[in-house]
Amino acid sequence: MRAAQAVGGGPAAQLPPPRRPWRALRSSLPPAGAVTPVPSWPCAALEGRRRRGGAARAAQSLSATPESSVDEAAAAGAADALRAAHVPEVPPEALFDEQQISGWSPPLAAYAPLGAVLATLRFAAWIAGIAADQPWFRERGVVDAFLSLLGVRVVWRGEQHLPPHGTRHVLVSNHVSVGDLLVLFTRPQRHVHLITSALPPPVYAARHLPAILRPANKATYEAIACEVAAAAQRHSPPPPQHHGLQRPQHQHQQQRGQAAAEADAEAAEAPVHLFPEGGMTNGRGMMRFSRGFMIFADGLPVVPVALRVRTAFPEVRCHTLDSSFLANLWWFSFQPWTELEATALPAMTLAPGESKAAFVARVQLAIAAELGAWVADVNIQQKRARAQARAKGSAPARRLRIMSVAGSLVMTFTPIFAAGGLAVAFVKKHDAANPPLKHWAVQRRKEADKAFPTPNRWLNFAICLAHGT
């Protein structure tokens with residue numbers, strides 16, 4: 001009692017009961033049935049890598065150069081190398097066209113009606129091939145027939161630089177047309193192609209296309225990183241067991257189940273192909289590569305691939321700054337023929353001590369040197385901002401775009417109407433020069449008028465028919 005009075009200052013004060021550790025631990029646990037939030041690790045194999053990466057980033061923030069400075073230094077080094085190779089500089093606005101047709105030539109005007117019909121049929125073939133999603137679509141003969149229907153010829157060069165069949169690797173290429181995906185259709189092994197996430201979900205749900213389509217987003221990158229880490233664990237000795245506090249086993253099994261549901265066994269071992277630019281250009285230069293794919297590519301060989309596109313009418317562009325995916329697909333199908341040339345360069349790997357930004361710049365520099373193309377100081381976010389600004393342009397700019405579209409439609413359909421008018425005029429002239437070729441009733445009526453000159457022409461016609469003349 002004296003101790004209580006000394007602490008509390010009076011007889012009513014009491015010492016709190018001793019707090020036991022097990023009670024504190026039980027009070028901190030969630031109630032039964034509650035959902036416990038878990039970290040967003042794609043799989044348990046990446047847990048150690050993520051922790052080590054966090055420690056490395058913390059050390060880098062204290063002592064090393066910031067990543068943005070590394071990006072700027074890598075971009076400056078790539079620009080100096082391209083200048084040394086006498087590659088002409090290209091401003092960012094020159095990478096994107098504003099009109100589908102830059103000029104009309106007599107051959108293009110004559111081909112336009114046929115091109116419109118071919119583009120519509122080929123556009124329907126694209127949609128039908130994705131919607132059918134049948135296993136026979138992956139047969140070599142079917143793929144060759146499909147490419148012939150599209151008028152596409154694929155040429156691969158430098159195939160000796162590709163890793164052997166069965167070795168997972170990453171193909172990185174520039175993006176110059178909506179049909180660049182077709183270069184994968186001729187490969188003997190299916191590739192996982194990371195395509196824009198703006199497409200409808202049924203496109204990614206297709207399982208029997210010559211290429212495995214996945215949306216190009218962070219979730220897909222982490223899923224592929226999980227597959228790479230799991231494959232590395234299968235080929236390495238098991239790690240030592242630790243008896244400390246570990247994650248619950250049921251959570252690990254749930255995440256592995258989700259990863260298995262996202263990709264089948266073939267996709268988990270297939271090579272990966274992507275466009276780090278994030279969008280298309282007209283081929284006069286390149287946008288800066290994004291380094292998001294290094295989430296899964298730092299442990300795999302990266303093969304730079306330089307893409308070139310040749311068409312019958314270079315003045316017809318399959319892509320503009322603010323054109324939609326379906327419009328790009330239609331204009332790509334408009335060409336009578338298209339040649340896609342893919343040049344594989346020697347594989348690259350991340351060197352010890354090399355930053356990811358420097359490695360990505362080195363990969364892009366190899367492609368730019370092969371193409372002789374300038375790497376402009378613009379990325380996909382800046383391109384989208386330009387497109388939005390153009391969509392919100394002034395009234396004169398909108399009127400100019402409307403007039404441009406109207407002019408394109410007029411130039412496209414004028415040959416059709418002109419051909420129809422010439423055909424009608426020819427038929428009328430031919431009928432006027434050859435009266436017996438007219439309708440038999442008209443001829444019989446004229447004969448009746450001559451044989452029976454009565455005021456009633458229809459009566460004359462009936463009498464003529466009755467006599468069999």
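The exercises below work through a predicted model, each task being followed by a stepwise solution.

Residues are numbered from 1 along each chain as its sequence is written, and side-chain values use heavy atoms, with hydrogens and water left out. Because the model is predicted, local features need pLDDT of at least 70 and side-chain atom pairs count only at pLDDT 80 or more, whereas totals for chains, interfaces and linings use all residues.

**Exercise 1. The chain as a whole**

Task: State how many helices and strands the chain has, and what percentage of its residues is buried.

Solution. Step one is the secondary structure, which comes to 17 helices and 9 strands; helices (H or I, at least four residues) and strands (E, at least two) are DSSP runs, numbered from the N terminus. Step two is burial: of the 469 residues in the chain, 37% are buried, where buried means under 20% relative accessible area, exposed means over 50%, and partly exposed lies in between (1.4 Å probe, protein chains only).

**Exercise 2. The surroundings of W374**

Task: Determine whether W374 is buried or exposed, and list its contacts beyond its sequence neighbours.

Solution. Begin with the location, since W374 is found in strand β9, residues 374-375. Next, the relative accessibility of W374 is 6%, so W374 counts as buried. Then, with neighbours within four places in sequence left aside, W374 is in contact (heavy atoms within 4.5 Å) with A79, L82, R83, V87, P88, E89, V90, R284, G285 and M286. Finally, take V90 from that list: V90 and W374 are 284 residues apart in sequence, but their C-alpha atoms are 6.1 Å apart in space.

**Exercise 3. A histidine in a loop**

Task: Locate H319 and identify the side chain that it joins in a polar contact.

Solution. First, H319 is placed in the loop between β7 (302-311) and α12 (325-334). Second, H319 counts as buried because its relative accessibility is 7%. Third, a polar contact of 3.1 Å joins the side chain of H319 to that of K383; such a contact is a pair of N or O atoms within 3.5 Å, and within protein one must be able to donate a hydrogen and the other to accept it, while residues adjacent in sequence count only if both atoms are side-chain atoms. Fourth, residues that H319 touches, not counting those up to four places away in sequence, include N328, and N328 is one of the buried residues of α12.

**Exercise 4. Salt bridges between β7 and β8**

Task: Trace the salt bridges of R308 and R310, and name the network that they belong to.

Solution. A salt bridge is a side-chain nitrogen of Lys or Arg within 4 Å of a carboxyl oxygen of Asp or Glu, and the structure holds 16 of them. Start with R308 and E341, whose side chains meet at 3.6 Å, N to O; this pair links R308 in strand β7 to E341 in strand β8, 33 residues apart. As to exposure, R308 counts as partly exposed at 22% relative accessibility, whereas E341 is buried at 6%. Continue with E339 and R310, whose closest N and O atoms are 2.9 Å apart; E339 lies in strand β8 and R310 in strand β7, so the pair ties together parts 29 residues apart in sequence. The last pair is E341 with R310, at 2.6 Å between the closest N and O atoms, and the two residues are 31 residues apart. Through shared partners, salt bridges join R153, R157, R308, R310, E339, E341 and E370 into one network.
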